[in-house]
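New to this one? Here's a quick briefing to read alongside the picture, starting with one residue and working outwards.

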Amino acid sequence: MGRGVERDLGEGFDYTRLGGHDPTDPLGDFLLRRKEGHCEYFATAMVVLLRLADVPARLVNGFYGGVWNEYGSYYAIRQGDAHAWVEVYFPRSEEHTSELQ
């Protein structure tokens, strides 16, 4: 089930950082009309669809990537490194993290 939702969102939708979704129903606008959005739209849609099918899933927000600064010996994490993803629990295996983009 999880891979099917992931496949459908990956094939029929486009990634964009542009906003402009209907503020009264942003997820409906993403799924039914615009079919494009950033990682938060993809991840939220996947979580909602999986939960409707009684599959335990959660939305995770954080940062992915960064740039190593060799002079200061630290990773520079910027707002552009923000990311959202889905974690799905499968009782007979380990947790699965899904990356849609």
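Let's begin with N61, which sits in strand β3, residues 57-63. Its C-alpha atom is separated by 4.4 Å from that of A84, although the two are 23 residues apart along the chain. Keep in mind that what you're looking at is a predicted model.

**Around N61**
- Setting aside neighbours within four places in sequence, N61 is in contact with E40, H83, A84 and W85.
- H83, A84 and W85 fall within strand β6, which covers 82-88, while E40 falls within helix α3, residues 39-52.

**The overall layout**
- The protein has 3 helices and 7 strands.
- Walk along from the N terminus and the elements go α-β-α-β-α-β-β-β-β-β.
- Of the 101 residues, 36% are buried.
- Take the contacts between residues at least 6 apart in sequence: 38% of these join residues at least 24 apart.
- The accessible surface adds up to about 6900 Å², and carbon and sulfur atoms account for 51% of that.

**The nonpolar core**
- The largest nonpolar core is made of 18 residues.
- Inside this core, L9, F30, L50 and V86 have the most contacts.
- Four elements each give two or more residues to the core: α1, α2, α3 and β6.
- Helix α3 provides the largest share, with 8 residues.

**The aromatic rings**
- How many aromatic pairs does the structure hold? There are 5.
- One of them joins F13 and F30: the pair is tilted, at 5.1 Å centre to centre and with 35° between the planes.
- F13 is in the loop between α1 (2-12) and β1 (14-15), and F30 is in helix α2 (residues 26-34), so this pair ties together parts 17 residues apart in sequence.
- Are these two buried or exposed? F13 counts as buried because its relative accessibility is 13%, under the 20% cut-off, and F30 is buried too, at 0%.
- F30 also pairs with F42, this time edge-to-face, at 5.1 Å centre to centre with 70° between the planes.
- That second pair links distant parts of the chain, with F30 in helix α2 and F42 in helix α3, 12 residues apart.
- F42 is buried as well, with 2% relative accessibility.
- Ring pairs bring F13, F30, Y41 and F42 together as a cluster.
- If you leave out residues up to four places away in sequence, F30 touches L9, F13, H21, K35, E36, G37, Y41, F42 and A45.

**A buried histidine in a loop**
- Look for H38 in the loop between β2 (36-37) and α3.
- Why does H38 count as buried? Its relative accessible area is 18%, so H38 comes in under the 20% cut-off.
- Apart from neighbours within four places in sequence, H38 is in contact with Y15, T16 and R17.

**Out on the surface**
- F63, W68, Y75 and I77 make a nonpolar surface patch of about 480 Å².
- You'll find Y75 in strand β5, residues 74-76.
- Y75 counts as exposed because its relative accessible area is 53%, and the cut-off is over 50%.

Key. Residues numbered from 1 in each chain as written. Predicted model: local features only at pLDDT ≥ 70, side-chain atom pairs only at ≥ 80, totals over all residues. Heavy atoms only, no water. Patch = residues over 30% accessible without salt bridge, like charges linked within 9 Å, V, L, I, M, F, W, Y side chains within 5 Å. Areas by Shrake-Rupley, 256 points an atom, 1.4 Å probe, with all protein chains shown as cover. Salt bridge = Lys/Arg side-chain N within 4 Å of Asp/Glu carboxyl O. Buried < 20%, exposed > 50% of the residue type's maximum accessible area, 1.4 Å probe, protein only. Phe/Tyr/Trp six-rings, centres within 6.5 Å; stacked < 30°, edge-to-face > 60°. Core = buried A, V, L, I, M, F, W, Y, C linked by side-chain atoms within 4.5 Å. Contact = heavy atoms within 4.5 Å.
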